[in-house]
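Welcome! Here is a short tour of a pocket and a sheet, written for someone meeting this structure for the first time.

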Amino acid sequence: MPVLQAEYLKSVSEQIFLRLGASEDESRVVSEHLVNSNLFGVDSHGVIRIMEYVKGIRESTIRLRVQPKTLKELGCTVMISGEFGFGQITGMRAMRIAIEKAKEFGAGIVGVRNCNHLGRIGEYPMIAAQSDMIGAAIAKGPAIVAPYGGKSRMLGANPISFAIPANKEKPILVDFSTCTAAEGKLRVRRAKGEKIPAGWIIDKDGRSSTDPSDFYKGGSILPFGEHKGYALSVMIEALGGLLTGAGSLTKIVGVNGALMLALNIESFSTISEFKSEVDELIRELRASPRAKENDEILVPGEVESREYDKRIRQGIPIDDPTWLEIAGIAADLKIDLKDPGAKAQGVRSVPAS
Ligand SMILES: NC(=O)c1ccc[n+]([C@@H]2O[C@H](COP(=O)([O-])OP(=O)(O)OC[C@H]3O[C@@H](n4cnc5c(N)ncnc54)[C@H](O)[C@@H]3O)[C@@H](O)[C@H]2O)c1
(Lines give C-alpha, C1' and ligand atoms only; values in the text may rest on other atoms or scores of the structure.)
Protein backbone atom coordinates (compact mmCIF):
# COMPACT_ATOMS: atom_id res chain seq x y z
CA MET A 1 0.00 0.00 0.00
CA PRO A 2 1.64 3.29 -1.07
CA VAL A 3 2.02 6.01 1.56
CA LEU A 4 2.00 9.33 -0.23
CA GLN A 5 2.60 12.93 0.78
CA ALA A 6 -0.41 15.26 0.64
CA GLU A 7 1.26 17.68 -1.79
CA TYR A 8 2.07 14.87 -4.21
CA LEU A 9 -1.48 13.48 -4.12
CA LYS A 10 -2.90 16.97 -4.66
CA SER A 11 -0.65 17.43 -7.64
CA VAL A 12 -1.74 14.11 -9.22
CA SER A 13 -5.40 14.93 -8.61
CA GLU A 14 -5.07 18.49 -9.96
CA GLN A 15 -3.40 17.26 -13.13
CA ILE A 16 -6.16 14.71 -13.73
CA PHE A 17 -8.89 17.36 -13.52
CA LEU A 18 -6.89 19.95 -15.47
CA ARG A 19 -6.30 17.53 -18.32
CA LEU A 20 -10.00 16.73 -18.45
CA GLY A 21 -10.70 20.42 -19.03
CA ALA A 22 -11.40 21.76 -15.50
CA SER A 23 -10.18 25.26 -14.67
CA GLU A 24 -7.16 25.75 -12.43
CA ASP A 25 -9.44 26.97 -9.65
CA GLU A 26 -11.78 23.95 -9.92
CA SER A 27 -8.87 21.50 -10.06
CA ARG A 28 -7.19 23.07 -7.02
CA VAL A 29 -10.34 23.43 -4.86
CA VAL A 30 -11.59 19.89 -5.57
CA SER A 31 -8.15 18.30 -5.13
CA GLU A 32 -7.54 20.16 -1.86
CA HIS A 33 -10.92 19.03 -0.59
CA LEU A 34 -10.28 15.37 -1.48
CA VAL A 35 -6.75 15.26 -0.08
CA ASN A 36 -7.85 17.13 3.07
CA SER A 37 -10.43 14.39 3.64
CA ASN A 38 -7.62 11.81 3.45
CA LEU A 39 -5.49 13.92 5.80
CA PHE A 40 -8.34 13.96 8.33
CA GLY A 41 -8.61 10.18 8.01
CA VAL A 42 -11.94 10.33 6.13
CA ASP A 43 -10.68 8.12 3.28
CA SER A 44 -14.25 7.45 2.15
CA HIS A 45 -14.36 11.05 0.88
CA GLY A 46 -10.76 11.37 -0.25
CA VAL A 47 -9.00 10.60 -3.53
CA ILE A 48 -11.05 7.39 -3.84
CA ARG A 49 -13.66 9.80 -5.30
CA ILE A 50 -11.44 10.80 -8.24
CA MET A 51 -12.75 7.90 -10.35
CA GLU A 52 -16.38 8.89 -9.76
CA TYR A 53 -15.65 12.56 -10.61
CA VAL A 54 -13.73 11.59 -13.76
CA LYS A 55 -16.74 9.51 -14.84
CA GLY A 56 -19.02 12.46 -14.04
CA ILE A 57 -16.92 14.78 -16.23
CA ARG A 58 -16.77 12.26 -19.08
CA GLU A 59 -20.53 11.66 -18.92
CA SER A 60 -21.24 15.40 -18.50
CA THR A 61 -23.09 14.97 -15.20
CA ILE A 62 -20.35 17.23 -13.80
CA ARG A 63 -20.19 20.42 -15.85
CA LEU A 64 -16.88 22.19 -15.98
CA ARG A 65 -16.20 25.93 -15.72
CA VAL A 66 -19.68 26.84 -14.47
CA GLN A 67 -20.33 29.12 -11.50
CA PRO A 68 -23.08 28.72 -8.87
CA LYS A 69 -26.04 31.03 -9.54
CA THR A 70 -28.20 32.90 -7.03
CA LEU A 71 -31.86 31.97 -7.53
CA LYS A 72 -33.44 33.85 -4.63
CA GLU A 73 -32.24 36.24 -1.93
CA LEU A 74 -34.28 37.58 0.96
CA GLY A 75 -32.68 39.10 4.08
CA CYS A 76 -30.35 36.53 5.61
CA THR A 77 -31.46 33.69 3.31
CA VAL A 78 -30.15 32.85 -0.13
CA MET A 79 -31.02 30.00 -2.47
CA ILE A 80 -28.34 29.00 -4.97
CA SER A 81 -28.07 26.59 -7.89
CA GLY A 82 -24.79 24.72 -8.27
CA GLU A 83 -25.47 24.55 -12.01
CA PHE A 84 -24.21 20.93 -11.84
CA GLY A 85 -20.59 22.04 -11.49
CA PHE A 86 -18.29 20.37 -8.94
CA GLY A 87 -20.13 20.10 -5.59
CA GLN A 88 -17.10 21.45 -3.72
CA ILE A 89 -17.20 24.73 -5.69
CA THR A 90 -20.90 25.09 -4.86
CA GLY A 91 -20.45 24.14 -1.20
CA MET A 92 -17.61 26.62 -0.64
CA ARG A 93 -19.62 29.39 -2.30
CA ALA A 94 -22.72 28.55 -0.21
CA MET A 95 -20.84 28.73 3.09
CA ARG A 96 -19.04 31.94 2.10
CA ILE A 97 -22.39 33.58 1.29
CA ALA A 98 -23.79 32.34 4.64
CA ILE A 99 -20.83 33.93 6.46
CA GLU A 100 -21.30 37.27 4.66
CA LYS A 101 -25.00 37.24 5.55
CA ALA A 102 -24.20 36.39 9.17
CA LYS A 103 -21.89 39.43 9.37
CA GLU A 104 -24.82 41.59 8.29
CA PHE A 105 -27.82 39.88 9.90
CA GLY A 106 -26.38 37.76 12.73
CA ALA A 107 -27.18 34.56 10.82
CA GLY A 108 -26.94 33.43 7.22
CA ILE A 109 -28.78 30.47 5.72
CA VAL A 110 -28.11 29.21 2.21
CA GLY A 111 -30.04 26.51 0.37
CA VAL A 112 -28.34 24.57 -2.42
CA ARG A 113 -29.77 22.61 -5.34
CA ASN A 114 -28.58 21.36 -8.76
CA CYS A 115 -25.50 20.25 -6.91
CA ASN A 116 -23.00 17.46 -7.47
CA HIS A 117 -21.25 15.53 -4.67
CA LEU A 118 -20.32 17.91 -1.84
CA GLY A 119 -17.77 15.45 -0.45
CA ARG A 120 -16.91 15.65 3.23
CA ILE A 121 -19.59 17.91 4.66
CA GLY A 122 -17.50 18.93 7.70
CA GLU A 123 -15.29 21.02 5.42
CA TYR A 124 -17.97 23.71 5.06
CA PRO A 125 -18.91 24.49 8.71
CA MET A 126 -15.15 24.61 9.41
CA ILE A 127 -14.89 27.65 7.10
CA ALA A 128 -17.36 29.42 9.40
CA ALA A 129 -15.41 28.32 12.51
CA GLN A 130 -12.21 29.71 10.95
CA SER A 131 -14.08 33.03 10.64
CA ASP A 132 -15.02 32.89 14.36
CA MET A 133 -18.58 31.86 13.56
CA ILE A 134 -20.59 28.74 14.25
CA GLY A 135 -21.15 26.71 11.09
CA ALA A 136 -23.63 23.97 10.29
CA ALA A 137 -24.59 22.00 7.21
CA ILE A 138 -27.00 19.24 6.32
CA ALA A 139 -27.13 17.44 2.98
CA LYS A 140 -29.68 15.20 1.30
CA GLY A 141 -28.10 12.49 -0.85
CA PRO A 142 -29.16 9.70 -3.23
CA ALA A 143 -31.35 7.00 -1.68
CA ILE A 144 -29.17 4.23 -0.22
CA VAL A 145 -30.60 3.87 3.32
CA ALA A 146 -33.64 1.86 4.40
CA PRO A 147 -36.19 3.55 6.68
CA TYR A 148 -36.40 2.15 10.23
CA GLY A 149 -38.36 -1.08 9.83
CA GLY A 150 -37.99 -1.10 6.02
CA LYS A 151 -35.76 -3.01 3.60
CA SER A 152 -35.47 -0.83 0.51
CA ARG A 153 -33.36 2.21 -0.30
CA MET A 154 -35.45 5.28 0.43
CA LEU A 155 -33.30 7.82 2.33
CA GLY A 156 -29.98 9.45 1.57
CA ALA A 157 -26.92 8.98 3.80
CA ASN A 158 -27.95 12.52 4.79
CA PRO A 159 -24.95 13.88 6.69
CA ILE A 160 -25.06 16.62 9.31
CA SER A 161 -22.19 18.75 10.53
CA PHE A 162 -21.50 21.49 13.08
CA ALA A 163 -18.27 23.37 13.75
CA ILE A 164 -17.80 25.46 16.90
CA PRO A 165 -14.68 27.61 17.26
CA ALA A 166 -12.56 27.40 20.40
CA ASN A 167 -9.76 29.58 21.72
CA LYS A 168 -6.68 27.46 22.54
CA GLU A 169 -8.35 24.13 21.69
CA LYS A 170 -9.15 23.00 18.15
CA PRO A 171 -12.75 23.66 17.00
CA ILE A 172 -15.39 21.09 17.92
CA LEU A 173 -16.33 19.37 14.67
CA VAL A 174 -19.34 17.11 14.47
CA ASP A 175 -19.55 15.49 11.04
CA PHE A 176 -21.40 12.28 10.32
CA SER A 177 -24.03 10.69 8.14
CA THR A 178 -27.34 9.69 9.69
CA CYS A 179 -26.73 6.07 8.73
CA THR A 180 -24.48 3.49 10.36
CA ALA A 181 -21.62 4.27 7.95
CA ALA A 182 -21.10 6.51 4.96
CA GLU A 183 -21.32 4.56 1.66
CA GLY A 184 -17.69 5.48 0.93
CA LYS A 185 -16.66 3.44 3.98
CA LEU A 186 -18.23 0.35 2.41
CA ARG A 187 -16.30 1.18 -0.77
CA VAL A 188 -13.03 1.42 1.17
CA ARG A 189 -13.69 -1.90 3.01
CA ARG A 190 -14.67 -3.62 -0.24
CA ALA A 191 -11.49 -2.29 -1.90
CA LYS A 192 -9.45 -3.74 0.98
CA GLY A 193 -11.38 -7.05 0.87
CA GLU A 194 -12.53 -6.53 4.48
CA LYS A 195 -15.77 -7.45 6.25
CA ILE A 196 -17.95 -4.78 7.87
CA PRO A 197 -19.50 -4.89 11.35
CA ALA A 198 -22.93 -6.54 11.65
CA GLY A 199 -25.68 -3.94 11.81
CA TRP A 200 -24.26 -1.62 9.11
CA ILE A 201 -26.20 -3.03 6.13
CA ILE A 202 -28.91 -5.43 5.05
CA ASP A 203 -28.85 -7.35 1.77
CA LYS A 204 -31.51 -6.98 -0.94
CA ASP A 205 -33.80 -9.37 0.95
CA GLY A 206 -33.53 -7.42 4.20
CA ARG A 207 -31.11 -9.85 5.90
CA SER A 208 -28.21 -8.52 8.01
CA SER A 209 -24.85 -8.85 6.20
CA THR A 210 -21.16 -8.28 6.96
CA ASP A 211 -20.11 -8.42 3.30
CA PRO A 212 -19.87 -4.86 1.86
CA SER A 213 -20.50 -6.19 -1.67
CA ASP A 214 -24.07 -7.13 -0.61
CA PHE A 215 -24.81 -3.42 -0.50
CA TYR A 216 -23.73 -3.07 -4.16
CA LYS A 217 -25.99 -6.01 -5.08
CA GLY A 218 -29.14 -4.10 -4.10
CA GLY A 219 -28.82 -4.02 -0.32
CA SER A 220 -29.35 -0.97 1.90
CA ILE A 221 -27.47 0.81 4.67
CA LEU A 222 -29.33 1.10 7.99
CA PRO A 223 -30.02 4.37 9.83
CA PHE A 224 -27.80 4.83 12.93
CA GLY A 225 -29.40 4.63 16.37
CA GLU A 226 -32.53 2.86 15.09
CA HIS A 227 -35.52 5.26 15.12
CA LYS A 228 -33.41 8.25 16.21
CA GLY A 229 -31.05 8.32 13.22
CA TYR A 230 -34.03 7.55 11.02
CA ALA A 231 -35.97 10.53 12.43
CA LEU A 232 -32.99 12.86 11.88
CA SER A 233 -32.65 11.60 8.33
CA VAL A 234 -36.33 12.31 7.61
CA MET A 235 -35.75 15.88 8.81
CA ILE A 236 -32.81 16.22 6.40
CA GLU A 237 -34.98 14.89 3.57
CA ALA A 238 -37.44 17.70 4.32
CA LEU A 239 -34.92 20.54 4.86
CA GLY A 240 -32.00 19.56 2.62
CA GLY A 241 -34.22 17.96 -0.02
CA LEU A 242 -37.74 19.43 -0.19
CA LEU A 243 -37.07 22.97 1.07
CA THR A 244 -34.14 23.45 -1.30
CA GLY A 245 -36.00 21.94 -4.24
CA ALA A 246 -33.35 19.24 -4.64
CA GLY A 247 -35.99 16.52 -4.20
CA SER A 248 -36.64 13.90 -1.55
CA LEU A 249 -36.34 10.14 -1.07
CA THR A 250 -35.64 8.40 -4.41
CA LYS A 251 -36.27 11.57 -6.43
CA ILE A 252 -33.24 13.85 -6.28
CA VAL A 253 -31.87 16.21 -8.88
CA GLY A 254 -28.05 16.04 -8.89
CA VAL A 255 -26.19 14.29 -6.06
CA ASN A 256 -26.71 16.51 -3.00
CA GLY A 257 -29.20 19.15 -1.85
CA ALA A 258 -27.99 21.16 1.14
CA LEU A 259 -28.76 23.78 3.72
CA MET A 260 -25.82 25.68 5.19
CA LEU A 261 -25.88 27.96 8.20
CA ALA A 262 -23.48 30.48 9.70
CA LEU A 263 -24.20 32.04 13.11
CA ASN A 264 -22.44 35.21 14.19
CA ILE A 265 -21.33 34.63 17.79
CA GLU A 266 -21.26 38.39 18.40
CA SER A 267 -25.04 38.50 18.05
CA PHE A 268 -25.30 36.34 21.17
CA SER A 269 -22.11 36.81 23.21
CA THR A 270 -18.59 38.07 22.67
CA ILE A 271 -16.25 35.97 20.55
CA SER A 272 -13.47 35.81 23.15
CA GLU A 273 -15.84 34.89 25.99
CA PHE A 274 -17.60 32.22 23.94
CA LYS A 275 -14.40 30.66 22.64
CA SER A 276 -12.90 30.51 26.15
CA GLU A 277 -16.06 28.82 27.37
CA VAL A 278 -15.78 26.28 24.55
CA ASP A 279 -12.19 25.57 25.67
CA GLU A 280 -13.52 25.02 29.18
CA LEU A 281 -16.29 22.71 27.97
CA ILE A 282 -13.77 20.61 26.01
CA ARG A 283 -11.39 20.38 28.98
CA GLU A 284 -14.14 19.48 31.44
CA LEU A 285 -15.30 16.68 29.18
CA ARG A 286 -11.77 15.35 28.75
CA ALA A 287 -11.11 15.45 32.49
CA SER A 288 -14.41 13.80 33.46
CA PRO A 289 -14.36 10.31 35.04
CA ARG A 290 -13.67 7.49 32.56
CA ALA A 291 -15.58 4.26 32.32
CA LYS A 292 -12.30 2.33 32.00
CA GLU A 293 -8.96 3.52 33.35
CA ASN A 294 -7.19 3.33 29.98
CA ASP A 295 -10.01 4.82 27.93
CA GLU A 296 -9.77 8.37 26.70
CA ILE A 297 -12.59 10.86 26.41
CA LEU A 298 -12.38 12.67 23.09
CA VAL A 299 -14.45 15.55 21.79
CA PRO A 300 -15.93 15.45 18.28
CA GLY A 301 -13.30 16.43 15.74
CA GLU A 302 -10.38 15.17 17.81
CA VAL A 303 -10.02 11.82 16.06
CA GLU A 304 -9.74 13.67 12.74
CA SER A 305 -7.38 16.40 13.94
CA ARG A 306 -5.01 13.80 15.44
CA GLU A 307 -5.06 11.85 12.19
CA TYR A 308 -4.34 15.07 10.32
CA ASP A 309 -1.23 15.79 12.38
CA LYS A 310 -0.06 12.20 11.91
CA ARG A 311 -0.66 12.05 8.15
CA ILE A 312 0.98 15.43 7.55
CA ARG A 313 4.11 13.94 9.16
CA GLN A 314 3.96 10.37 7.93
CA GLY A 315 2.00 10.59 4.66
CA ILE A 316 -1.35 9.22 3.53
CA PRO A 317 -1.79 5.45 3.05
CA ILE A 318 -3.80 4.71 -0.10
CA ASP A 319 -5.10 1.18 -0.57
CA ASP A 320 -3.69 -0.68 -3.59
CA PRO A 321 -6.92 -0.99 -5.68
CA THR A 322 -7.59 2.77 -5.30
CA TRP A 323 -4.03 3.70 -6.22
CA LEU A 324 -4.08 1.32 -9.21
CA GLU A 325 -7.23 3.00 -10.52
CA ILE A 326 -5.82 6.50 -10.02
CA ALA A 327 -2.55 5.49 -11.67
CA GLY A 328 -4.55 4.00 -14.60
CA ILE A 329 -6.42 7.28 -15.14
CA ALA A 330 -3.12 9.20 -14.87
CA ALA A 331 -1.52 6.92 -17.47
CA ASP A 332 -4.49 7.41 -19.83
CA LEU A 333 -4.05 11.16 -19.52
CA LYS A 334 -0.26 10.90 -20.03
CA ILE A 335 0.51 12.22 -16.57
CA ASP A 336 4.00 11.32 -15.41
CA LEU A 337 3.48 9.99 -11.87
CA LYS A 338 7.15 10.67 -11.07
CA ASP A 339 6.59 14.35 -11.85
CA PRO A 340 2.80 14.93 -12.06
CA GLY A 341 3.11 18.68 -12.64
CA ALA A 342 5.26 18.23 -15.75
CA LYS A 343 3.67 19.19 -19.08
CA ALA A 344 2.89 16.13 -21.20
CA GLN A 345 3.87 16.22 -24.86
CA GLY A 346 1.11 16.04 -27.45
CA VAL A 347 -1.81 15.96 -25.00
CA ARG A 348 -4.84 18.00 -25.92
CA SER A 349 -6.96 19.08 -23.00
CA VAL A 350 -10.68 18.47 -23.46
CA PRO A 351 -12.43 21.77 -24.25
CA ALA A 352 -14.72 22.99 -21.49
CA SER A 353 -18.42 22.69 -22.29
N1 LIG B 1 -21.68 14.25 0.62
C2 LIG B 1 -22.44 13.33 1.11
O3 LIG B 1 -23.54 13.08 0.60
C4 LIG B 1 -22.04 12.53 2.32
C5 LIG B 1 -22.88 11.50 2.73
C6 LIG B 1 -22.54 10.77 3.85
C7 LIG B 1 -21.38 11.05 4.55
N8 LIG B 1 -20.56 12.05 4.12
C9 LIG B 1 -19.31 12.31 4.85
O10 LIG B 1 -18.74 11.08 5.24
C11 LIG B 1 -17.92 11.26 6.36
C12 LIG B 1 -17.99 10.08 7.28
O13 LIG B 1 -19.31 9.96 7.83
P14 LIG B 1 -19.62 8.83 8.92
O15 LIG B 1 -21.07 8.79 9.11
O16 LIG B 1 -18.95 7.58 8.51
O17 LIG B 1 -18.89 9.44 10.21
P18 LIG B 1 -18.39 8.68 11.52
O19 LIG B 1 -19.35 7.65 11.94
O20 LIG B 1 -16.96 8.29 11.31
O21 LIG B 1 -18.44 9.84 12.63
C22 LIG B 1 -17.54 10.90 12.57
C23 LIG B 1 -17.86 11.90 13.66
O24 LIG B 1 -17.81 11.26 14.95
C25 LIG B 1 -16.80 11.89 15.76
N26 LIG B 1 -16.15 10.87 16.59
C27 LIG B 1 -15.60 9.71 16.18
N28 LIG B 1 -15.11 9.03 17.23
C29 LIG B 1 -15.33 9.78 18.34
C30 LIG B 1 -15.06 9.63 19.73
N31 LIG B 1 -14.45 8.55 20.21
N32 LIG B 1 -15.45 10.61 20.56
C33 LIG B 1 -16.06 11.71 20.10
N34 LIG B 1 -16.36 11.92 18.78
C35 LIG B 1 -16.01 10.95 17.93
C36 LIG B 1 -15.83 12.48 14.77
O37 LIG B 1 -15.04 13.49 15.33
C38 LIG B 1 -16.80 13.01 13.71
O39 LIG B 1 -17.41 14.21 14.12
C40 LIG B 1 -18.31 12.62 6.92
O41 LIG B 1 -17.25 13.52 6.66
C42 LIG B 1 -19.54 13.03 6.13
O43 LIG B 1 -19.65 14.43 5.89
C44 LIG B 1 -20.87 12.80 3.03
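The report below covers the model, then the pocket, then the sheet.

## About the model

This is a predicted model, where local features need pLDDT of at least 70, side-chain atom pairs count only at pLDDT 80 or more, and totals for chains, interfaces and linings use all residues. Residues are numbered from 1 along each chain as its sequence is written, and side-chain values use heavy atoms, with hydrogens and water left out.

## The second largest pocket

A pocket is an open set of points on a 1 Å grid over the protein atoms alone, where a 1.4 Å probe fits, with protein on both sides within 12 Å along at least five of seven lines. The second largest one has a volume of about 250 Å³ (the space filled by probe spheres set on the points). Its lining has 13 residues, and Asp-25, Val-29, Ile-89, Met-92 and Arg-96 are the closest to the centre. Lining residues have an atom within 4 Å of a point.

Two elements, α2 (24–39) and α4 (87–105), each give two or more residues to this lining, and α2 gives the most, with six. Helices are DSSP runs of H or I with at least four residues, and strands are runs of E with at least two. By class, the lining has six charged, four nonpolar and three polar residues.

## A sheet of three strands

Let us turn to the strands. An open antiparallel sheet runs in the order β9-β8-β10, with β9 (208–209) and β10 (220–221) at its edges, each pairing on one side only. Strands pair if DSSP finds at least two bridges between them. β8 (residues 201–202) joins β10 over two antiparallel bridges, and Ile-201 stands opposite Ile-221 in β10.

Notes: Ala, Val, Leu, Ile, Met, Phe, Trp, Tyr, Cys and Pro count as nonpolar, Asp, Glu, Lys and Arg as charged, and the others, Gly among them, as polar.
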